Amino acid sequence: MRTSPIRRRSYLSRAAYALSAAALLAAGAAVPATGAPAALREVMFVGNNWEGTADVIQSRDSFARIGRVNIIPDKDDRLREIYLNPIKLAFFLGIRNGPGEGHDQFVDDMYTTPDGGSVVASRPSFADVVSINLTTGRINWRFPVSGFRSDHMAVSPDGRRVAVSASTSNTVHVLDIGTGQQVGSFTTGDKPHENVFTGGGRYLWNMSIGEVNTDLDDPAWDFTKGDRRITVVDAATFGQVKVIDMRQRLDAFGRRDLSDAVRPVAFTQDESKLYFQVSFFNGFLEYDVATDKITRLKELPKNPATSDDRKTFVNDSRHHGLSMSPAGDKLCVAGTMDDYATVVDRATLQPGTLVPAVKPYWATVSGDGTACVISEAGADQVTAIDFATGRKRVSVPVGDHPQRVRIGHVPEGWTGPTA
């Protein structure tokens, strides 16, 4: 499978990939009478998972907060549905007491529409995806996923399609981002998680992580975790192109002790290398796409204060969060259970300064590409770390339990919904 360079929009300027007026019209966007697309501002959306809000912050410089969006304006309606359905209620409470750590999971992933008029978000506890109008704060459309929980998403390079993992039905749904209509779907391994478009949108990769909410975490019980694999499909037909079982690749690499549950990933710009984290491991691995082999592994420092008891790891993840600098020379790693983040030199795999962070849960790239931005779920803040120096720049307070952080766009002058 030969692919072309993947999306690197997280660090490009707004002008570098602004859609034409015709493309915006096709996506359902409003175009001013002059015929030019509405002026947009690049921002970052921070999903506050337990709170049900998304904070919108500057995508660079001070990372100051601009506004806030309520992602659950229909909360009462959804809860009424759930409490009237015993099966839905059982799964709702299971999410609260399992992956939610005693809390409801109201916001997982988010992307804005090409016109910057709406944000599309997955809501695990409500098992759906919604589009929220950024002007009114009202719901444009709602798509209930199959099964009982929605999870990570990915947006296509043209911004018109969004893929969402339905974690209890082993399915990925692909939706029209403007209408919420399903354009396709495909089956995956157990508990689909991360999604990534590659080949300029030609392919879609899904990583299934298996069961992460049991206490059968000893390697001897690994077989109970289910079918964990990477599923690659044609993004036009949704036909399966390739299945990658990392169990076989890890065994060949001499690491039978490592889990094959692939967590956050980062591709090089030419898509020749895939870097990925796995359950229970404080580090990451390098996978060569062409040779279909794991080529390198990096174990990162352990925090002496962190227990090695796997049952204490949040959803089986010791380290969860990985991003790459625009130049491809640095990796940013969120050491979730070890309470730090660090910038790693990709050539040598040597880590830089261990930047203290409380339960860092995600890592992305600033709008100008100069910083790694992590969410600190345990401190209710996001922190920017300089790629060049590996040192902390600034921390900005956000809502309760931030997780996913995504680059997005809002209209110029926007400070929040009016309603």
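**Exercise 1.** Which element gives the largest share of the lining of the second largest pocket?

*Solution.* The model is predicted: local features need pLDDT of at least 70, side-chain atom pairs count only at pLDDT 80 or more, and totals for chains, interfaces and linings use all residues. Residues are numbered from 1 along each chain as its sequence is written, and side-chain values use heavy atoms, without hydrogens and water.

Step 1. A pocket is an open set of points, on a 1 Å grid over the protein atoms alone, where a 1.4 Å probe fits, with protein on both sides within 12 Å along at least five of seven lines; lining residues have an atom within 4 Å of a point.

Step 2. The lining of the second largest pocket comprises 26 residues, with Pro99, Gln105, Arg149, Val212 and Asn213 nearest its centre. Two or more lining residues come from each of helix 3 (86–97), strand 8 (150–155), strand 12 (192–198) and strand 28 (402–411); helices (H or I, at least four residues) and strands (E, at least two) are DSSP runs, numbered from the N terminus.

Step 3. Helix 3 provides the largest share, 3 residues.

**Exercise 2.** Determine the place of strand 28 in its sheet.

*Solution.* Step 1. The open sheet has 4 strands in the order 3-2-1-28, with antiparallel pairing; strands pair if DSSP finds at least two bridges between them.

Step 2. Strand 3 (65–70) and strand 28 each have a single partner strand, so one side of each lacks a neighbour in the sheet.

Step 3. Strand 28 is joined to strand 1 (residues 40–48) by 8 bridges, and Val46 stands opposite Val405 in strand 28.
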